[in-house]
Amino acid sequence: MNREQVAEKVEEYIRKNFVFDDSAGPARDDSLLDTGVIDSTGVLELISYIEGTFGIAIEDEELTPDNLDSIDRITGFIESKRA
Amino acid sequence: MKFQNTLPALDVEKEIDLTVEFIRDQAINRFRRDGIVVGISGGIDSAVTAILSQKAVGNDKLITIIMPEKESNPISAELAEELAAKFGMKTIYREITPVLEAYGAYKMRDDIVRKYFPEFDGSQKWKLVQPGSLLEKDSLNVYSIKMESESGPAMKRITGRDLRAIVGATNLKHRTRMSVLYHVAESENYLVAGTTNLSETLLGFYVKYGDGGVDIEPLSHLYKTYIYQLGRHLGVPEGIINRSPSPDTFSSETSDDEFFFRLPYDTLDVFMWAMRENVPADIIAETMGIEPKKVNRIFGDLKRKEDSSYHFREMPAGPNRRVP
């Protein structure tokens with residue numbers, strides 16, 4: 001799976017599970033927290049999805065906005081973990 | 001207004017008089033009730049609410065209710081009893097464990113905890129916690145179960161679904177207490193006074209139709225820091241004043257700080273005040289001696305908590321149209 005495919009999968013998951021209107025969902029560089037797309041429960045669901053889908057284990061110290069607060073950042077984080 | 005790293009000084013006596021008058025006016029003129037019911041938990045907010053209510057309507061028109069359950073810290077009821085004894089308050093004692101057992105609340109939670117800690121047999125103490133202080137860590141608000149055991153504490157992160165299930169079962173405690181308060185209040189034609197402070201109100205740190213299910217909220221305009229000042233002036237027992245604020249809903253002692261705010265109240269209140277007064281982040285950073293990015297991190301967290309709990313503060317929506 002290349003970077004774009006990872007980004008598409010993450011984007012699709014977020015749109016299906018956290019966007020409840022007809023909008024296109026967040027842009028890839030939008031903050032998922034500041035735009036209210038995910039809350040503290042949503043973060044936990046997102047973590048479970050990433051770990052289950054991409055076969056990576058996320059350590060507690062990696063649970064930062066730098067790694068997980070936008071589709072772009074999530075994609076980059078997944079890529080770095082799989083490298 | 002100048003930012004000074006502390007809240008502006010409060011005229012405590014004036015605030016007491018005004019709040020007492022508010023309670024009296026609500027109870028007598030607006031609600032036309034014969035008295036007031038207050039659930040007392042052994043914490044500062046309920047202590048201050050009860051004393052102010054006593055001043056507002058008189059001791060013979062106040063009923064306090066102590067409602068422990070099997071996971072409550074025993075010190076909670078002891079401190080509540082100490083408060084009632086010191087001020088001569090009429091007190092009803094209602095143990096709510098049987099109600100919660102009938103709901104299956106403990107079993108639902110224990111079954112989830114056992115998924116993460118298979119050795120859990122119900123006797124070990126546990127709680128839900130978030131990562132450490134927002135001043136120290138730029139981490140997401142992710143919940144973990146913290147289990148106490150003979151070999152020391154252990155933490156395991158939980159899923160969103162399990163978090164919701166634990167919170168839903170735990171909130172049965174608050175909603176059961178609400179039912180008890182209203183049972184007594186309706187029997188006596190009394191009003192239920194709530195104990196939620198300003199920071200809790202703004203950030204949604206209460207349970208909708210639980211401790212938020214009341215007739216009036218006499219403290220919802222006051223930061224916790226001010227409530228401590230009122231409490232000292234009113235003579236709240238030292239044990240209550242010195243106790244660390246806690247939701248007291250898990251078998252292991254949890255602070256409000258580690259469960260929800262990720263900041264101690266004195267720091268939280270200053271940030272809440274600064275945010276509402278639009279004090280620039282760089283001025284706060286300079287005055288408090290911390291990095292501006294930490295100020296922005298805290299403001300972001302507070303804003304998100306406020307936004308995500310907006311529905312707590314709304315009346316239930318309905319179609320706004322006349323039919324036919």
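This tour moves through chain B of a predicted model, element by element, and ends where chain B touches chain A.

**First stop: the open sheet**

Select strands 3, 2, 1 and 7 of chain B. Taken in that order, these four strands form an open sheet with parallel pairing. Colour residues 90-93, which are strand 3, and residues 190-192, which are strand 7. These are the edge strands of the sheet, and each of them pairs on one side only. Now look along the sheet from one strand to its neighbour: on average, neighbouring strands are turned by 30 degrees against each other, direction ignored.

**Second stop: strands 1 and 2**

Keep residues 35-39 (strand 1) and residues 62-66 (strand 2) of chain B on display. How many bridges join this parallel pair? There are four bridges between strand 1 and strand 2. For one point of reference, label B:V38 and find the residue opposite, B:T64 in strand 2 of chain B.

Next, add residues 44-57 of chain B, which make up helix 2. Helix 2 lies across both strand 1 and strand 2, and runs at about 170 degrees to strand 1 of chain B.

**Third stop: strands 4, 5 and 6**

Select residues 144-147 of chain B, which form strand 5. Which residues lie on the covered face of strand 5, and which on the uncovered one? B:I145 and B:M147 belong to the covered face, while B:S144 and B:K146 belong to the uncovered face.

Both residues of the covered face also help to locate the partners of strand 5. Add strand 4, residues 126-129 of chain B, which pairs with strand 5 in the antiparallel sense over four bridges. Within this pairing, B:I145 is the bridge partner of B:L128. Then add strand 6, residues 154-157 of chain B, which runs antiparallel to strand 5 and is joined to strand 5 by four bridges. Here B:M147 has B:A154 of strand 6 as its bridge partner.

Strands 5 and 6 of chain B form a hairpin with six residues between them. Select B:G152 in the turn, where phi is positive, at about 110 degrees.

**Last stop: the side facing chain A**

Finally, show both chains. In this region, 16 residues of chain B are in contact with 16 residues of chain A. Select helix 6 (160-188) and helix 13 (292-308) of chain B, the elements that give two or more residues to this side. Helix 13 of chain B provides the largest share, four residues. Colouring this side of chain B by residue type shows five nonpolar, six polar and five charged residues.

Definitions and conventions
Residues are numbered from 1 along each chain as its sequence is written. Chains are lettered from A and ligands numbered from 1 in the order in which they are written. This is a predicted model: local features need pLDDT of at least 70, side-chain atom pairs count only at pLDDT 80 or more; totals for chains, interfaces and linings use all residues. Two strands pair if DSSP finds at least two bridges between them. Axes are lines fitted to C-alpha atoms, for helices over the stretch in contact, and angles run from 0 to 180 degrees between N-to-C directions. Two residues are in contact if their C-beta atoms, placed from the backbone, lie within 7 Å. A residue is buried if 20 or more other C-beta atoms lie within 10 Å of its own, exposed if 12 or fewer, and partly exposed in between; C-beta atoms are placed from the backbone. Ala, Val, Leu, Ile, Met, Phe, Trp, Tyr, Cys and Pro count as nonpolar, Asp, Glu, Lys and Arg as charged, and the others, Gly among them, as polar.
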